[in-house]
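Dear colleague,

Please find the structure for your review below. A summary of the findings follows it.

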Amino acid sequence: MQMVMEEAELRVKKSLPMEVHLPNTSSHNKTIGSSNSGAYYGLDSGLGSLDPKKRKGLCEPLEKAFNIGAREQLDGEIARMFYMGGLSFHFARNPHYVRAFKNAFLGYVPPAYNALRTTLLQKEKSNIEHLLEPIKGEQKNKFFISNLLIDAIREIGPKKVVQVVTDNAPVCKAAGLLVESRFQHIFWTPCIVHTLNLALKSICSPSPHPRYDDIMEECGWIAKVSSDVFSIKKFIVNHSMRLAMFNEHSKLKLLSVYDTRFASTIVMLKRFKQIKHGLEHMEDDVEKARAVKEKILDEYFWVDIDYILRFTAPIYEMLRMADTDTPCLHLIYEWWDSMIEKVKIAIFRKERKQLNDSSRFFYMVHGILVERRTKSSAPLHGLAYSLNPRYYSEQWLEEAPSHVAPHQDLEVILEKKKCIDRYFSNEYERRKVNEENAAFASFFLHFSSSNSINDRAFMALINWWIVHGASTPTRQSFALRLLGQPCSSSCCERNWSTYNFIHYMKMNKMTPQRAEDLVFVHTNLRLLLRRSPIYKECVSQLWDVGGDGFDSMALEDAGVLKIADLSLEEPELETVLFSSVDNVNDE
């Protein structure tokens with residue numbers, strides 16, 4: 001989720017009051033404590049030392065002689081460096097790694113390959129689960145989420161916040177409405193990318209529910225094609241011989257597309273179409289491969305894939321355009337209308353029908369898109385749309401018969417009215433704003449000059465309002481605030497980036513469970529450290545501002561930062577490779 005300010009999105013992570021003392025090799029009783037609860041956690045096994053009371057039973061003279069506590073503490077720090085930095089465990093076999101620690105700490109041997117991936121990893125996971133108990137115990141309901149947002153808004157200054165953008169989950173919507181009730185000028189806006197992703201899921205994999213029987217009847221064939229594609233992919237990557245045969249005939253690799261990724265089905269189908277030649281030239285006479293071979297050589301199978309990609313292309317294109325933090329709030333209405341029209345053209349062309357004919361398949365797809373559009377509609381979409389001078393120009397109105405100026409669109413008028421009523425409770429101020437709206441929409445007063453009219457179609461929006469909007473200061477203020485707003489929270493939620501950071505090309509043989517453990521430790525170590533004062537105070541302050549990406553950890557020609565920040569650019573995702581065997585020895 002994200003909050004958006006006047007010129008850019010706001011990314012805020014709240015820090016809870018915590019005391020943090022970093023460990024050193026000469027002491028083993030440093031602690032991290034919560035000043036609220038009075039609970040203290042050890043730094044040796046995770047983020048602190050063992051409870052002093054429990055350590056009395058140990059052989060203290062022996063411990064002092066061998067400095068066991070300090071060694072365990074240093075082992076933990078080195079292990080956390082591996083887990084948080086995404087380092088390959090093979091790095092522990094590097095002779096320079098061992099010699100560096102031996103020279104720095106006389107006689108100390110750093111944790112080895114096996115310890116890092118087994119005992120130390122499980123110890124760290126167990127300790128983090130313990131540290132997360134207070135956080136997990138919090139009830140993540142609408143009040144909890146809204147209170148976090150409200151605290152952040154107050155810290156920044158309510159006047160600087162325009163909107164709160166979250167995904168479309170009911171709890172997030174309820175939290176957004178609570179924020180709206182507290183701050184009248186701040187709007188909750190649903191994320192457009194999440195909306196489009198849900199629409200694609202409804203089309204490509206409709207839920208088996210009586211309510212969706214009609215959709216299943218018309219769109220079920222898409223789910224069947226998608227299932228066949230994923231089955232073929234799994235069959236190939238699980239057999240080293242067939243994977244080698246495929247790689248011999250294809251320059252592109254098969255993708256590992258996770259369900260959390262937006263438009264995951266479409267991404268996989270696009271890649272399958274690109275590697276069709278390599279699949280068709282695989283030769284295999286093994287009996288169990290016959291069904292896969294028949295499917296790959298079935299032309300109707302590829303025709304279906306082409307059709308799916310053609311009619312979903314406008315949805316996918318809009319999803320990609322919205323999946324950004326650049327200003328696009330004012331474009332949402334036009335994108336929706338244009339996207340639905342393009343989907344209709346693609347479907348009717350396939351069915352060889354005129355656009356004024358009827359199509360049951362399009363009727364179902366259209367119903368899904370309209371339902372999602374209605375649910376994601378927000379008053380700020382209408383107000384921002386009405387502030388775009390381009391949509392009043394003759395050039396834009398003549399581009400398509402369906403184009404209508406915003407002041408003649410009833411839906412836009414009603415959404416804009418909701419915003420004006422909330423921004424201005426005073427009747428006099430509201431009337432003044434409406435007069436400004438009328439002058440802008442009807443080319444009256446200062447908007448009647450030829451320069452003002454001609455520039456509407458060609459000048460950058462912000463520049464146009466700066467040059468021509470001074471006569472309507474209230475509307476100009478709205479424009480400068482809203483025309484710089486994004487429409488999505490997805491840029492803050494790269495769901496696949498952390499797993500991709502852990503399980504990349506040079507670390508692609510670890511078992512799924514170990515990969516999950518590393519993701520868990522990596523993510524929550526960062527979370528816990530971000531909730532401590534040292535994150536903003538010591539020499540390592542803001543050490544992970546690049547998220548999971550660091551230029552120094554580049555993967556060949558595509559750095560980790562590039563992978564984490566990419567939106568839906570499939571070529572860059574070629575770095576996500578499959579190993580010849582799914583579950584073999586770990587890195």
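A helix here is a DSSP run of H or I with at least four residues, numbered from the N terminus. The model is predicted, and the findings should be read with that in mind.

On that numbering, helix α24, residues 461–468, is the main contributor to a nonpolar surface patch, supplying three residues. The patch consists of I462, I466, V467 and L480, which together have about 320 Å² of accessible area. I462 is located in helix α24; its relative accessibility is 32%, so I462 counts as partly exposed.

Overall composition

The protein chain contains 29 helices and seven strands. It has 587 residues, of which 48% count as buried. About 29,300 Å² of the protein chain is exposed, and carbon and sulfur atoms account for 54% of that area. Among contacts with a separation of 6 or more, 69% are between residues 24 or more positions apart.

The β-α-β unit

Strand β6 (residues 161–166) and strand β7 run parallel and are joined by four bridges. Within this pairing, T166 stands opposite P190 of β7. Together with helix α9 (residues 170–182), β6 and β7 form a right-handed β-α-β unit. In a regular strand, side chains alternate between the two faces of the sheet. In strand β7 (residues 187–190), F187 and T189 point one way, whereas W188 and P190 point the other way. All four of these residues are buried.

Helices α18 and α19

R373 sits in helix α18, which spans residues 360–376. Its relative accessibility is 15%, and because buried means under 20%, R373 counts as buried. Leaving aside residues up to four places away in sequence, R373 touches Y333, W336, D337, I340 and E411.

Helix α18 also holds a salt bridge between the side chains of K375 and E371, with an N to O distance of 3.6 Å. These two residues are four apart in helix α18, so about one helical turn separates them. K375 counts as exposed because its relative accessibility is 53%, while E371, at 33%, counts as partly exposed.

Helix α19 (residues 379–386) is mostly covered, with eight of its eight residues buried. The buried residues of α19 are P379, L380, H381, G382, L383, A384, Y385 and S386.

Further salt bridges

Side chains of opposite charge can pair when their charged atoms come close. The structure holds 19 salt bridges. One of them joins R80 to E124, with the closest N and O atoms 3.0 Å apart. This pair links distant parts of the chain, since R80 belongs to helix α3 (residues 68–85) and E124 to helix α6 (residues 119–131), 44 residues apart. R80 and E124 are both buried.

A salt bridge of 2.9 Å (N to O) also connects the side chains of D228 and K224. Both lie in helix α11 (residues 213–237), four residues apart, so they are separated by about one helical turn. The two partners differ in cover: D228 is buried, with a relative accessible area of 14%, whereas K224 is partly exposed, with a relative accessible area of 47%.

With kind regards

Technical notes:
Residues numbered from 1 in each chain as written. Predicted model: local features only at pLDDT ≥ 70, side-chain atom pairs only at ≥ 80, totals over all residues. Heavy atoms only, no water. Patch = residues over 30% accessible without salt bridge, like charges linked within 9 Å, V, L, I, M, F, W, Y side chains within 5 Å. Areas by Shrake-Rupley, 256 points an atom, 1.4 Å probe, with all protein chains shown as cover. Salt bridge = Lys/Arg side-chain N within 4 Å of Asp/Glu carboxyl O. Buried < 20%, exposed > 50% of the residue type's maximum accessible area, 1.4 Å probe, protein only. Contact = heavy atoms within 4.5 Å. Pairing = 2+ DSSP bridges. Right-handed = clockwise from strand over helix to strand, strands pointing away.
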